[in-house]
Amino acid sequence: MAIHSSMRGLRCFCVAADCLSFKETARQLYLTPSAVSHQIKQLESELGLDLFLRQTRSVELTAQGKAFYQALLPLMRELEQTLRTFSLQKNPTEISISMPEFFASELFVPKLVGWSEQHPDINLKVETIKSRQDPAKHTDLQILLASAKPTDKIAHELFPISYVPACNPALYQQLDGLGFEALTKVPCLVHQARPWSWHQWAEQLELEVFTPKQVIQLDSMFSVARAAQQGLGIALVPWPISHSWFASGSLKRLFSEELESRDKYYLVQHETDPNKPQIQLLVNWILQSFQRAF
């Protein structure tokens, strides 16, 4: 005998068998009580069995109804789990990650083409931070710049950075050959999170006198690099993350001496979310793409 029972009918039966009320079944399934009764009667007709004893104000399972319910319930649960699994595969997972604005614009975003081609079913939400002093954003992963490795979380070291004195080509032509006297001719540009960077640079060089014409602080490293590119002054920009600016000719290194620092980029993993195994895929890709890549 061919059985043509719908999933709705089987679902109605399981809920009704659990709560022993067609009215409550209707409420849970957003149906009318008459629709539930019709689904149950159709199932009983197809099976040739009486599944419920209907009384004036209640229903009870028959012996055959109990046996059918016990046999059907684990199958329904397995089917629902299968549907959830394939639904998750159909609906892309979203992974959130935060990182410094300059890291995002210069390194992360340019390489995203490779990631998206490998994992078209995973959506990314990228949050950018202008300064390490900005409050941290709650994301699945975080790339941060720090002078020491974070100890309270899973942290992977990516690469260290130094800071390079640079200006645009036109200003370079004017200042080249002046030596450190060039710092008295135009403003010195620096990120406001590191206001004493030029003085630290001078101390490392053991300059006896350091009297810059002017120090201008900007609130993001991108702004610092852009200001230098537009000729505002000489900037301390992070190397090697600013490589593309020099490769394109937008900036030129004015002095060979760099400001050495303890700063390094780290990838920080928060507690693993068992519902997002794709997070590890992104972690592996970041480590392969950026860990000591320079």
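**Exercise 1.** Which residues of β7 lie on one side, which lie on the other, and are they buried or exposed?

*Solution.* Start with the two faces of β7: S162, V164 and A166 are on one side, Y163, P165 and C167 are on the other, and all are buried. Here buried means under 20% relative accessible area, exposed means over 50%, and partly exposed lies in between (1.4 Å probe, protein chains only). A word on the source: this is a predicted model, in which local features need pLDDT of at least 70 and side-chain atom pairs count only at pLDDT 80 or more, while totals for chains, interfaces and linings use all residues. Residues are numbered from 1 along each chain as its sequence is written, and side-chain values use heavy atoms, with hydrogens and water left out.

Next, recall the general pattern: in a regular strand the side chains alternate between the two faces of the sheet. Finally, 6 of the 6 residues of β7 (residues 162–167) are buried, so this strand is largely enclosed by the rest of the structure. Strands (E, at least two residues) and helices (H or I, at least four) are DSSP runs, numbered from the N terminus.

**Exercise 2.** Where is S162, and which residues does S162 touch?

*Solution.* First place the residue: S162 sits in strand β7. Then check its burial: with a relative accessible area of 7%, S162 counts as buried. Now list its contacts (heavy atoms within 4.5 Å). Leaving aside residues up to four places away in sequence, S162 touches V237, P238, W239, E258, L259 and E260. Last, compare sequence with space: S162 and L236 are 74 residues apart in sequence, and their C-alpha atoms are 9.2 Å apart.

**Exercise 3.** In what order do the 5 strands of the open sheet come?

*Solution.* Begin with the rule: two strands pair if DSSP finds at least two bridges between them. In general, strands of a sheet pair through backbone hydrogen bonds, either parallel or antiparallel.

Now work outward from β7:

- β7 and β10 run antiparallel and are joined by 5 bridges; V164 has V237 as its bridge partner in β10.
- β7 and β11 (residues 252–253) pair in the antiparallel sense over 2 bridges; the partner of C167 in β11 is K252.
- β10 (residues 234–239) and β8 run parallel, with 2 bridges; L189 is matched with A235 in β10.
- β8 and β9 (residues 215–218) run parallel, with 4 bridges; C188 is matched with V215 in β9.

Put together, the order is β9-β8-β10-β7-β11, and the pairing is mixed. The edge strands are β9 and β11, since each pairs on one side only.

**Exercise 4.** How is β8 covered, and through which helix does the chain cross from β8 to β9?

*Solution.* Look at the faces first: in β8 (residues 188–191), C188 and V190 are on one side, L189 and H191 are on the other, and all are buried. Then follow the chain: it goes from β8 through helix α7 (residues 197–204) to β9, a β-α-β crossover that is right-handed. Right-handed means that, with the strands pointing away from the viewer, the path from the first strand over the helix to the second runs clockwise.

**Exercise 5.** Is F22 buried or exposed, and which residues does F22 touch?

*Solution.* F22 belongs to helix α2 (residues 22–29). Its relative accessible area is 13%, so F22 is buried. Not counting residues up to four places away in sequence, F22 touches A16, P33, V36, S37, I40, F52, R54 and V59. One of these, V36, is 14 residues away from F22 in sequence and 6.4 Å away in space, C-alpha to C-alpha.

**Exercise 6.** Where is S96, and is S96 buried or exposed?

*Solution.* S96 is in strand β3 (residues 93–100). Its relative accessible area is 13%, so S96 is buried. Beyond residues up to four places away in sequence, S96 touches K125, T139, D140 and L141.

**Exercise 7.** How many helices and strands does the protein chain have, and what share of its residues is buried?

*Solution.* Count the elements: the protein chain has 10 helices and 12 strands. Then take the share: buried residues make up 42% of the 294 residues. To finish, look at the contacts with a separation of 6 or more: 76% of them are between residues 24 or more positions apart.
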